[in-house]
Amino acid sequence: MTETKIALVTGANKGIGFAIAEQLAAQGVTVLLGARDATRREDAVAKLGASGASVSGIALDVTDPATIAAAAAEVESRFGRLDILVNNAGITGDLSQEAGAGGLAEVRRVFDVNVFGVMAVTDAMLPLLRRSPAGRIVNVSSSVGSLADMTAPDGGYLADMPAMLGYPVSKTALNAVTAQYAKHLRKNGILVNAVCPGYTATDLNNFAGTRTAAEGAAIAVRLATVGADGPTAGFFADEGPVAW
Ligand code: NAP
């Protein structure tokens, strides 16, 4: 009998994170929904649990070391290991992060969640992931962090947007963080990849995205459940590899 996999998804109370949790649970994975707000967390757990999914909430603000340590201790005492970590929580920040606007405080706030939050949660969960027979880490990045795209002569994907120092650069950094963890963990058989969900209708963009949360979640779920022969140190969207 194969053991039920245990997954932790950060920022799982809504949007793409919620859909990732839903799809993992539908595959029989026991999913811990990480969320910083108790009411939003409990509402999400109730919604998913109603369909019989094996889910529970876990208090987790990725910028708060105390909640990260407590979450790791809870996973340890309940399961003794972690098989899948999906670092999904992310924020875009406001327009003061525009290049030349001097909004360094906002850039720092975005990095705190999108980059340092991922490092802090990953480091806290690593001892548990090392105990998994098939550890997987998926970082939910974005093609807006692609250096190939942002240096394209035609201005790339977001050509009509102002140049921003926070969100896109934080995703570039997250991609590098992904590569470094992949390098560190290759010998342990823990596969680490970044994914781009595509332009997805969520609160992040006032639901202007053209893809559903379920569509956006699919690539993260695929990498979270990939076999031992799957990739590591990659950056993927539904269509295939994304240029770094
Ligand atoms: P969303 O609906 O706004 O969800 C973001 C999630 O992150 C929420 O659960 C939010 O919790 C959580 N979060 C924010 N700060 C947090 C913190 N400090 N600690 C813990 N959780 C925190 O946005 P989304 O579109 O689903 O975004 C999910 C991921 O996909 C992000 O990393 C985003 O950059 C990426 N992405 C999205 C798109 C898109 O088109 N939507 C495209 C490319 C990449 P609260 O509810 O408590 O705020």
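The exercises below, each with a worked solution, concern a predicted model of a protein with a bound ligand.

**Exercise 1. The surroundings of the ligand**

Find how many residues surround the ligand and which are the closest, and then describe how the residues of this shell divide by character.

Solution. Begin by collecting the residues around the ligand, of which there are 29, with Asn13, Arg36, Arg40, Tyr167 and Thr202 as the closest. Next, sort the shell by residue type, which gives eleven nonpolar, twelve polar and six charged residues. Finally, ask which helices take part: helix 1 (15-26) and helix 6 (167-185) each supply at least two residues of the shell.

**Exercise 2. Polar atoms beside the ligand**

Determine which part of glycine 11, of asparagine 88 and of asparagine 205 places a polar atom beside an oxygen atom of the ligand, and then find how much of the ligand the protein covers.

Solution. Take the backbone first: a polar backbone atom of glycine 11 is 3.1 Å from an oxygen atom of the ligand, and a polar backbone atom of asparagine 88 is 2.7 Å from an oxygen atom of the ligand. Then turn to asparagine 205, where an N or O atom of the side chain is 3.2 Å from a ligand oxygen. For the last step, consider the ligand on its own, with 900 Å² of accessible area, of which the protein covers 95%.

**Exercise 3. The length and packing of helix 7**

Compare the span of helix 7 with the expected value, list the buried residues of this helix, and name the elements against which they pack.

Solution. Helix 7 runs over residues 213-224, which makes twelve residues, and the distance from its first C-alpha to its last is 17 Å, close to the 16 Å expected at 1.5 Å a residue. Going along the helix, one finds that Gly216, Ala217, Ile219, Ala220, Val221, Leu223 and Ala224 are buried. These buried residues pack against helix 1 and against four strands, namely strand 4 (84-87), strand 5 (136-140), strand 6 (191-195) and strand 7 (234-237).

**Exercise 4. Two residues to classify**

Decide whether serine 146 is buried or exposed, do the same for valine 110, and describe the contacts of serine 146 and of valine 110.

Solution. Serine 146 sits in the loop between strand 5 and helix 5 (147-150). Its relative accessible area is 3%, and because buried means under 20%, serine 146 is buried. Beyond neighbours within four places in sequence, serine 146 is in contact with Ala243 and Trp244, and a polar atom of the serine 146 side chain lies 2.8 Å from the backbone oxygen of alanine 243.

Valine 110 belongs to helix 4 (residues 104-130), and its relative accessibility of 0% makes it buried as well. Its contacts outside four places in sequence include Ile91, Thr92, Gly93, Tyr167 and Ser170. Glycine 93 is 17 residues from valine 110 in sequence, yet their C-alpha atoms are 5.9 Å apart.

**Exercise 5. Two positive phi angles**

State the phi angles of asparagine 206 and phenylalanine 207, and decide whether asparagine 206 and phenylalanine 207 are buried or exposed.

Solution. Recall first that most residues other than glycine have a negative phi. Asparagine 206, although not a glycine, has a positive phi of about 50 degrees, and phenylalanine 207 likewise has a positive phi, near 60 degrees. Asparagine 206 is in the loop between strand 6 and helix 7, where phenylalanine 207 also lies. The relative accessible area is 70% for asparagine 206 and 51% for phenylalanine 207; since exposed means over 50%, asparagine 206 is exposed, and so is phenylalanine 207.

Technical notes. Residues numbered from 1 in each chain as written. Predicted model: local features only at pLDDT ≥ 70, side-chain atom pairs only at ≥ 80, totals over all residues. Heavy atoms only, no water. Near = heavy atom within 4 Å. Polar contact = N/O pair within 3.5 Å; in protein donor to acceptor, adjacent residues only side chain to side chain. Areas by Shrake-Rupley, 256 points an atom, 1.4 Å probe, with all protein chains shown as cover. Nonpolar A, V, L, I, M, F, W, Y, C, P; charged D, E, K, R; others polar. Expected span 1.5 Å × (residues − 1). Buried < 20%, exposed > 50% of the residue type's maximum accessible area, 1.4 Å probe, protein only. Contact = heavy atoms within 4.5 Å.
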